[in-house]
Amino acid sequence: MKHRLRTQKSFKPIRKELLNAENGISKEIQGKWHQALSPSDTINIVLAFLAFLSFVVSVVNICEMRAERSLAYRPSVLVNPTTYEFSWNSEGFEDWVRSSESMDTPDGGSFTIPVSVFTNGSFSKFAIANIGVGTAKNLSFSWHESNTDKLIKHLISLDKTKEDFCLVNQSIVFDYGDHIVAMDKDIPTAFMYLLPNASEQQPLDIPPHYTLLMNEIVKTGKYQNDLIIFLYIEYDDIQGKHYKDAIAIRLKKTFYIQETDGSGSAKYQLVPQILNI
């Protein structure tokens with residue numbers, strides 16, 4: 001034990017010498033550094049640092065100017081909510097559904113067939129506006145391909161008797177038993193331009209079979225405001241930058257009444273909301 005203690009004490013002078021040597025070297029280096037920096041060197045370093053700061057500030061300003069310029073040309077296309085009101089008779093039919101088509105015969109006569117044909121643009125419309133500060137160009141509107149199937153399935157979930165009500169082929173056909181309603185499929189819509197600052201509005205047709213199916217859904221009296229369909233909008237600004245927005249459109253029932261004879265009336269809103277994609 002005594003031998004170990006003596007050994008440890010014998011290293012103390014050596015450690016002290018090493019520490020003194022390190023301190024001496026450090027002070028020598030610091031002294032040479034201070035001697036190497038003349039007043040002109042110090043000024044040059046400060047000027048270089050200030051030049052670097054000026055460069056950074058200039059880059060930030062340029063980026064901000066570019067961002068502000070982009071915002072100055074940025075359009076923002078908005079789909080306004082729309083309200084639809086309808087009524088039905090004691091048989092559950094809406095008056096417009098019961099119209100018939102007149103056909104000519106070779107002998108100059110005519111006959112009536114129980115078929116109604118409706119094209120796009122026959123019913124509800126959205127009002128489209130550009131609330132941005134830049135003009136929107138080359139606008140296109142397309143409905144999600146699953147919307148029709150979603151509407152049909154939602155109707156069947158509320159009314160099982162509607163399983164064979166709608167047939168989707170080259171067109172959309174609805175079977176009312178003694179009457180047939182045929183409608184076009186939804187097709188894309190395009191506008192050349194839309195002026196900024198909501199200075200104008202353009203109508204966007206809602207596919208007629210959407211309207212009929214939504215009417216039937218609300219007519220069941222069981223709808224719980226839980227149905228959403230989707231619309232996509234694409235457009236360019238005047239610099240050629242391309243934008244694409246997804247719009248979720250909720251069917252919101254606002255009024256419903258049914259009389260004892262089965263007739264009734266209802267009102268609903270189509271409420272759009274822009275999604276980030």
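**Exercise 1. A lysine and a ring**

Over the face of which residue does lysine 253 lie, and at what distance from the ring centre?

*Solution.* Before starting, keep in mind that this is a predicted model.
- Step 1: Find lysine 253 and look for the ring beside it; the residue is tyrosine 256.
- Step 2: Read off the distance to the ring centre, which is 5.4 Å.
- Step 3: Compare this with the distance cut-off for a charge over a ring, within 6 Å of the ring centre.
- Step 4: Now try lysine 162, whose charged end sits over the ring of phenylalanine 165 at 4.4 Å from the ring centre.

**Exercise 2. The chain as a whole**

Describe the protein chain by its secondary structure, burial, contacts and surface.

*Solution.*
- Step 1: Count the elements: the chain has four helices and 15 strands.
- Step 2: Turn to burial. Of the 277 residues, 30% are buried.
- Step 3: Look at contacts between residues at least 6 apart in sequence; 70% of them join residues at least 24 apart.
- Step 4: Finish with the surface. The accessible area is about 17600 Å², and carbon and sulfur atoms account for 56% of it.

**Exercise 3. Two aromatic pairs**

Classify the ring pair of tyrosine 84 and tyrosine 268, then do likewise for tryptophan 143 and tyrosine 210, and place each pair in the chain.

*Solution.* A pair of aromatic rings is described by the distance of the centres and the angle of the planes.
- Step 1: The structure has twelve aromatic pairs. In one of them, the centres of tyrosine 84 and tyrosine 268 are 5.7 Å apart and the planes make an angle of 40°.
- Step 2: Planes under 30 degrees apart count as stacked and those over 60 as edge-to-face, with the rest tilted. The pair of tyrosine 84 and tyrosine 268 is therefore tilted.
- Step 3: Tyrosine 84 belongs to strand E2 (residues 82–88) and tyrosine 268 to strand E15 (residues 264–275), so their pairing ties together parts 184 residues apart in sequence.
- Step 4: Check burial. Tyrosine 84 is buried at a relative accessible area of 17%, and tyrosine 268 is buried at 1%.
- Step 5: For tryptophan 143 and tyrosine 210, the ring centres are 5.2 Å apart and the planes stand at 80°, so this pair is edge-to-face.
- Step 6: Tryptophan 143 is in strand E7 (residues 136–143) and tyrosine 210 in helix H4 (residues 208–219), so the pair ties together parts 67 residues apart in sequence. Both residues are buried.
- Step 7: Return to tyrosine 84 and tyrosine 268: ring pairs link them with Phe86, Trp88 and Tyr256 into a cluster. Tyr256 is also the residue whose face lies under lysine 253.

**Exercise 4. A salt-bridge network**

Trace how Glu94, Lys162, Glu216 and Lys219 are joined.

*Solution.* Side chains of opposite charge can pair when their charged atoms come close.
- Step 1: The structure holds five salt bridges. In one of them, lysine 219 meets glutamate 94, with the closest N and O atoms 3.3 Å apart.
- Step 2: Lysine 219 lies in helix H4 and glutamate 94 in the loop between E2 and strand E3 (101–104), so this bridge ties together parts 125 residues apart in sequence.
- Step 3: Glutamate 216 forms a salt bridge with lysine 162 (3.5 Å, N to O). Glutamate 216 is in helix H4 and lysine 162 in the loop between helix H3 (147–158) and strand E8 (166–168), so parts 54 residues apart in sequence are tied together.
- Step 4: Glutamate 216 also bridges to lysine 219, at 3.0 Å from N to O. These two residues are three apart in helix H4, about one helical turn.
- Step 5: Check burial against the cut-off of under 20% relative accessible area. Glutamate 216 counts as buried at 4%, lysine 219 at 12% and lysine 162 at 18%.
- Step 6: Put the bridges together: shared partners join Glu94, Lys162, Glu216 and Lys219 into one network.
- Step 7: List the contacts of lysine 162. Leaving out residues up to four places away in sequence, lysine 162 touches Leu155, Ile156 and Glu216.

**Exercise 5. A nonpolar patch**

Is valine 59 buried or partly exposed, and what surface feature does Val59 help to form?

*Solution.*
- Step 1: Locate valine 59 in helix H2 (residues 39–72).
- Step 2: With a relative accessible area of 35%, valine 59 is partly exposed.
- Step 3: Val59 is part of a nonpolar surface patch whose members include Ile43, Phe49, Phe52 and Val60. Together the patch residues have about 1000 Å² of accessible area.

How values were computed:
Residues numbered from 1 in each chain as written. Heavy atoms only, no water. Patch = residues over 30% accessible without salt bridge, like charges linked within 9 Å, V, L, I, M, F, W, Y side chains within 5 Å. Areas by Shrake-Rupley, 256 points an atom, 1.4 Å probe, with all protein chains shown as cover. Salt bridge = Lys/Arg side-chain N within 4 Å of Asp/Glu carboxyl O. Buried < 20%, exposed > 50% of the residue type's maximum accessible area, 1.4 Å probe, protein only. Phe/Tyr/Trp six-rings, centres within 6.5 Å; stacked < 30°, edge-to-face > 60°. Lys NZ or Arg CZ within 6 Å of the ring centre and 35° of its normal. Contact = heavy atoms within 4.5 Å.
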